[in-house]
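Let's take a walk through a protein fold together, going from the whole chain down to single atoms. Keep the picture in view and follow along as we go.

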Amino acid sequence: MRSGSSTDTIVAVATAPGRGGVGIVRISGPDTRRIGKGLLSTALPEPRVATLSRFHDGAGAVLDEGLALFFVAPHSYTGEDVLELQGHGGPVVLEALVESAVALGARRATPGEFTQRAFLNDKLDLAQAEAVADLIDAGSLAAARAAMRSLQGAFSTQVHELTEAIIELRMWVEAAIDFPEEEIDFLADRALSTRLSALRERFVSIMQAARQGRVLRDGMTVVIAGRPNAGKSSLLNALAGHEAAIVTPIAGTTRDVLRELISIDGMPLHIVDTAGLREAGDVVEAEGIRRARLAMQQADRVLFVVDATTDPRAESFSEEKARLPAGVPVTLLFNKIDATTTDGEIHRVESGADAALPISAKTGAGLAALREHLKRCMGYDAGQVGTVSARARHLEALQRAERHAEEAVRQLKDSRAGELVAEELRAAQAALGEITGEFHADDLLGRIFGSFCIGK
């Protein structure tokens, strides 16, 4: 549980810490009018009218001069009376204003408390509230646009449409349960099967959008894999821009998992270098290979590196492909093209990989194309045409809802057990409700809003 009461009047600095040309102090709650009159030593300005005012402390001394903006409930960010004092951005002045508000009866806001009140007062649903933090933390224009779409309700609308489709199915199934004496077998009706099939398609669409949104927000994890001495560590160093990994001619130099975080046009990319995949020569190398395979299972994409000078047809990849984790896309990289006389067609080998590119970790040839490829994989292009911001918890809730929907289909097909179908659909609806906050626990709200900055 978060400290304080939702009936308190709260105050905080709403601008970033440090010095700036403008600093904003925000006050929200039932006592905003009284506290505001004390700080302004005059009547509050007209609602939604920026008014030049002097800001005072509790003793009446002038602390600053700037613009005062008053928003009357429920037409404000939090849904409560809100006063914003926009003065000079010196930390001493801003803290003095906060202390004066506290002396008049306000309480210092906890992280995210203004947005939490907006959620509790139905100004935002939970997915929109999380999009506020995502917009603030966005590391690229694509991520910011995705967060703005979610803040405007695009993701919530998709979730609500999916929920409505489930509710309609529940009504259909429960009609069959409530009226068993009717001659029409609702559960055998072809229209029900058609609706269930359409529901599965909706899940596919929204899951794709959510996965792209999660990547834009959290970044993508790529694992560099391949045989020893293919140039995996050299590639890590080239992408990172510094000597992150030890590189030697000795096969099997890398024994553990090395991680680096880089940025491509503002989008985070988590790169993982791993031990070479081969029959282990000792227990240490065996453990390194085990960790490499575990890292690949948890990755968003595998960069499989082959030595173009000794393996131009990627036979090492063909031999290893069956042991790579299912469902994780693979980009095949033909390294060391600077040292081969191949005519440049090696990347067109029918390897079965998701993509193939020629590169040289030594000279940098092909790395620009690789970065562009990774940008596309992270949704750089998709972010311009409708991607929404999503989080890991959204994906988890969607996956649970999809599993319940799939189980409903199975129950309908195998046993036509209406009660079981209805229960699975109810559970799917509840899982979707967690995304927008229709169903939530207080500890979940604490975790979500506790990650916000103070003043938001």
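Among contacts between residues at least 6 apart in sequence, 67% join residues at least 24 apart. Keep in mind that you're looking at a predicted model, so every value here is computed from that model. The protein chain has 456 residues, and 48% of them count as buried. Its secondary structure comes to 14 helices and twelve strands.

Let's start with a sheet. Six strands make up an open sheet in the order β3-β4-β5-β2-β1-β6, and the pairing is mixed. At the edges you'll find β3 and β6 (107-108), and because each has a single partner strand, one side of each is left without a neighbour in the sheet. What holds neighbouring strands together? Strands of a sheet pair through backbone hydrogen bonds, and they can do this in a parallel or an antiparallel way.

Now go across the sheet from β3. This strand (51-56) runs antiparallel to β4, and six bridges join the two. One example to look for is T51, whose bridge partner in β4 is A68. β3 and β4 form a hairpin with five residues between them, and in the turn sits G60, with a positive phi of about 95 degrees.

Next door, β4 (62-71) and β5 (82-89) pair in the antiparallel sense too, over five bridges. Here F70 stands opposite L83 in β5. On we go to β2 (residues 20-28), which is joined to β5 by seven bridges, again running antiparallel. In this pair, S28 stands opposite V82 in β5.

Time to zoom in on the loop between β4 and β5, where D81 is found. Is D81 buried or exposed? D81 has a relative accessible area of 12%, and because the cut-off for buried is under 20%, D81 counts as buried. Its side chain makes a polar contact with the side chain of R33, at 3.0 Å. A polar atom of the D81 side chain also lies 2.8 Å from the backbone nitrogen of A73. If you skip residues up to four places away in sequence, D81 touches I27, S28, G29, T32, R33, F70, F71, V72 and A73.

A73 is worth a second look. The peptide bond from A73 to P74 is cis, with omega near 5 degrees. P74 is found in the loop between β4 and β5, and that is where D81 is found as well.

T32 turned up among the residues that D81 touches, so let's hop over to T32, given that it is buried, with a relative accessible area of 0%. You can spot T32 in helix α1 (residues 32-40). A polar atom of the T32 side chain lies 3.1 Å from the backbone oxygen of D81. Leaving aside neighbours within four places in sequence, T32 is in contact with T9, I27, F70, D81, V82 and L83. Some of these names should ring a bell: F70 and L83 are the pair that stand opposite each other in β4 and β5, and V82 is the residue opposite S28.

Here are a couple of backbone oddities to hunt for. R48 has a positive phi of about 65 degrees although it is not a glycine. Look for R48 in the loop between α1 and β3. R48 is exposed, with a relative accessible area of 53%. Then there's N229, another residue other than glycine with a positive phi, near 65 degrees. N229 lies in the loop between β7 (220-226) and α8 (232-240), and it is partly exposed, with a relative accessible area of 33%.

Last stop: the pocket. How much space lies in the largest pocket? It comes to about 440 Å³. The lining has 17 residues, of which R211, R214, V215, D300 and P329 lie nearest the centre of the pocket. The elements that give two or more residues to this lining are α7 (190-218) and α12 (392-414). Of the elements, α7 gives the most, with five residues. What kinds of residues line the largest pocket? They divide into eight nonpolar, five polar and four charged.

Definitions and conventions
Residues are numbered from 1 along each chain as its sequence is written. This is a predicted model: local features need pLDDT of at least 70, side-chain atom pairs count only at pLDDT 80 or more; totals for chains, interfaces and linings use all residues. Side-chain values use heavy atoms; hydrogens and water are left out. On a 1 Å grid over the protein atoms alone, a cavity is a set of points where a 1.4 Å probe fits but cannot get out, and a pocket is an open set with protein on both sides within 12 Å along at least five of seven lines; lining residues have an atom within 4 Å of a point. Grid points are joined across faces, edges and corners, and a volume is the space filled by probe spheres set on the points. Helices (H or I, at least four residues) and strands (E, at least two) are DSSP runs, numbered from the N terminus. Ala, Val, Leu, Ile, Met, Phe, Trp, Tyr, Cys and Pro count as nonpolar, Asp, Glu, Lys and Arg as charged, and the others, Gly among them, as polar. Buried means under 20% relative accessible area, exposed over 50%, partly exposed in between (1.4 Å probe, protein chains only). A polar contact is a pair of N or O atoms within 3.5 Å; within protein, one must be able to donate a hydrogen and the other to accept it, and residues adjacent in sequence count only if both atoms are side-chain atoms. Contact means heavy atoms within 4.5 Å. Two strands pair if DSSP finds at least two bridges between them.
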